[in-house]
Amino acid sequence: MAVPASLQSTIELRDLRIALGGVTLEAARAVLSGVKLAIGSDDAGTSPPASAAAAHVENLRLELRSFAAPAAPATAARAAWQFDTLAGLDGELLIHIDDAVWQLDADVTLPIRQGVIDFNRVTVEHAGPDSSMGLSPMGLYVDAPNGRHYLYLFDTTHVPGARFERRGLLGALVADRGVLALQPLAEAIAGGATIGEAASHAQGLLARTRIEGRLRLGDGVLRGALDGRTFELTLSAGTPGHNRVELDSAAGGALVLRMAALSATSLHWGAPGEPGPGQ
């Protein structure tokens, strides 16, 4: 039986560039310490897993030009996705929409605290009286001066991480606009769940939308699967300023993510079909 030779070392990569479909990843420098990997493959032609005790990446840039939603996998595969770092996500998203659905240019500010968007704190500014954004069982909406407009329509009664709006006495006025926890929503979508689609009259907004964001990832595990292989990355900022994310996009263009420094306490890349650590 062929047994791959093992190697443990520190690996440094410079000017790294990886392109997969509509996703491009670039990094000026990546250092992996305590690396354990194998050279060669076994009799079945399968490469064994690899791991690193720590990882540090400088000037990371991730560009997303297109995204195809994954086909709905088996329940076991859905369980492989875990985004603990989103539970500690803090920051703010600034969204500018030209000629928005409520017939005015609009600036939307979405604060994120501990991985949660509280729509009571979201602001929608434009000429004239400002609007409000919220979640109802029907979908994501904007209450504008000329009435309620839905931007995204749900096709399920259960939206992971969502708490819908609540009305006051007699149901006349909205007393609570609702909240959305990002971790359960992201894990469900990554696992192949569908929750709805953009409203037909709002789909054109995407081509006229610009996004800016200043965020900090929380500590914890990022776990998923790519090309049949599991991966697990455990983030820990440690040094102030690490694991901070800047998001930017031109109207209708690519979404770009930048990180000056990414720090992780462990990295694991599993063999095909391997469940991965922690499962």
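Trainee: Which residue in β12 stands opposite Gly139?
Mentor: This is a predicted model: local features need pLDDT of at least 70, side-chain atom pairs count only at pLDDT 80 or more, and totals for chains, interfaces and linings use all residues. Residues are numbered from 1 along each chain as its sequence is written, and side-chain values use heavy atoms, leaving out hydrogens and water. Strands are DSSP runs (E, at least two residues), numbered from the N terminus. Opposite Gly139, in β12, stands Leu153.

Trainee: How many bridges join β11 to β12?
Mentor: Two strands pair if DSSP finds at least two bridges between them. β12 spans residues 147–154 and runs antiparallel to β11. A hairpin links the two, with 2 residues between them. The number of bridges is 6.

Trainee: Which residue stands opposite Asp143 of β11?
Mentor: Look to β10, residues 132–136. β10 pairs with β11 in the antiparallel sense over 5 bridges, and a hairpin of 2 residues joins them. Opposite Asp143 stands Ser132.

Trainee: How many of the 6 residues of β11 are buried?
Mentor: Buried means under 20% relative accessible area; exposed is over 50%, partly exposed in between (1.4 Å probe, protein chains only). β11 covers residues 139–144 and is mostly covered. The buried count is 5.

Trainee: Why is Asp105 classed as partly exposed?
Mentor: Asp105 is in the loop between β6 (90–97) and β7 (106–112). Asp105 is partly exposed because its relative accessible area is 44%.

How values were computed:
Helices (H or I, at least four residues) and strands (E, at least two) are DSSP runs, numbered from the N terminus.
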